[in-house]
Amino acid sequence: MTTGGPLPAALRTEALEQLLTERGLIDPKVMDGIITNYETNVGPLNGAKVVARAWTDPQYRRRLLEDGTAAIKELGFSGSQGEHIVVVENTATTHNVVVCTLCSCYPWPVLGLPPSWYKDPAYRARMVKEPRTVLSEMGLELADDVRITVRDSTSEVRWLVLPERPAGTEHLPEEQLVPLVTRDAMVGVAKVKAP
Amino acid sequence: MTTPLEGQSATTAPLDAEGPAAPPRSNGELVFVEPWQSRAFGMAVTLSEAGVFTWPQFRAALIARISAWESAPVKDENWNYYQHWLDALQDVLVGQGTVSADEVTARTRTLARRPPGHDHPHPR
């Protein structure tokens with residue numbers, strides 16, 4: 001490292017952690033647990049379970065659309081960034097897609113931490129301006145008569161998309177629907193495909 | 001300090017070891033590319049859950065850092081999300097007097113002077 005040059009992020013992070021630990025503000029072991037939880041446990045599978053339940057249980061679906069946070073908590077998923085989850089439903093004629101134009105807000109308890117492209121300046125800037133084009137570039141072609149609504153996380157709200165249940169899956173039970181539901185479909189940049 | 005994991009415990013349901021949502025590449029990529037990113041992430045979450053600052057405070061600082069990078073006519077550095085995250089964390093902590101920028105710099109320089117291999121286990 002050169003004196004006076006920019007300080008490497010890794011060392012500055014370590015310095016901060018030391019100072020905060022010395023002040024008793026963080027317990028590294030507690031922090032380890034939080035990190036491990038997000039690295040290994042919390043992910044899109046949680047959201048997929050929510051979606052599959054909503055597809056197979058009309059009353060749950062109604063509760064989910066009325067109060068996302070409460071309905072999601074019914075399945076045992078809660079925590080940071082899940083305090084105000086609003087669920088919006090995609091249909092054959094309406095398509096919702098989620099973005100956080102200012103930073104990277106994302107419903108952690110149901111989707112885990114966001115992927116790189118979600119945090120990328122290009123996605124964040126372009127999705128609000130030209131959603132149809134961006135969706136097409138990401139592999140999702142929507143018919144011209146499909147209305148697109150871009151959901152921007154500008155307040156405390158964290159959006160979750162309830163994707164459209166694909167045709168041909170009517171006979172499938174809930175547990176066989178779960179693996180079909182992808183992270184991208186719950187952000188609204190893809191559709192769920194039948195197996 | 002309360003145990004921040006309490007609010008998370010319900011999320012630790014058993015997971016399938018394979019399949020599209022299998023951790024840790026549940027997003028098709030590693031959650032953290034470098035170890036320091038996970039520490040910077042963990043510090044922000046731990047501190048907000050412990051009430052050292054609120055999440056909206058941190059979010060505002062993160063937005064300010066990202067916005068500054070995006071509006072700069074000349075980019076000194078490539079887009080690095082967790083760099084902004086770390087800067088925002090330090091902004092909040094320095095702003096409320098929890099740490100000073102000088103002591104962070106001093107400690108960082110001290111750590112930088114460690115001999116190579118300092119973090120490798122030494123045989124006893």
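This note covers the internal cavities and the cysteines of a predicted model.

1. Local features are taken at pLDDT of at least 70 and side-chain atom pairs at pLDDT 80 or more, while totals for chains, interfaces and linings use all residues. Side-chain values rest on heavy atoms without hydrogens or water, residues are numbered from 1 along each chain as written, and chains are lettered from A in the order written.

2. The structure holds 2 cavities of 30 Å³ or more, a cavity being a set of points, on a 1 Å grid over the protein atoms alone, where a 1.4 Å probe fits but cannot get out. The largest cavity has about 120 Å³ of space, where volume is the space filled by probe spheres set on the points.

3. Lining residues have an atom within 4 Å of a point, and of the 16 that line the largest cavity, those closest to its centre are Ser104(A), Trp108(A), Trp55(B), Tyr81(B) and Trp85(B). Helix H2 (55-71) and helix H3 (81-95) of chain B are the elements that give two or more residues to this lining, helices being DSSP runs (H or I, at least four residues).

4. By residue class, the lining of the largest cavity comprises 12 nonpolar, 2 polar and 2 charged residues.

5. Over all chains, 0 disulfides are found, a disulfide being a pair of cysteine sulfur atoms within 2.5 Å. Cys100(A) is in none, and its nearest cysteine sulfur, that of Cys103(A), is 3.7 Å away. Cys100(A) counts as buried (under 20% relative accessible area, 1.4 Å probe, protein chains only) because its relative accessibility is 0%, and Cys103(A) counts as buried at 2%.

Technical notes
1 Å grid on protein atoms, 1.4 Å probe; cavity = no way out; pocket = protein on both sides within 12 Å on 5 of 7 lines; lining within 4 Å. Nonpolar A, V, L, I, M, F, W, Y, C, P; charged D, E, K, R; others polar. Buried < 20%, exposed > 50% of the residue type's maximum accessible area, 1.4 Å probe, protein only.
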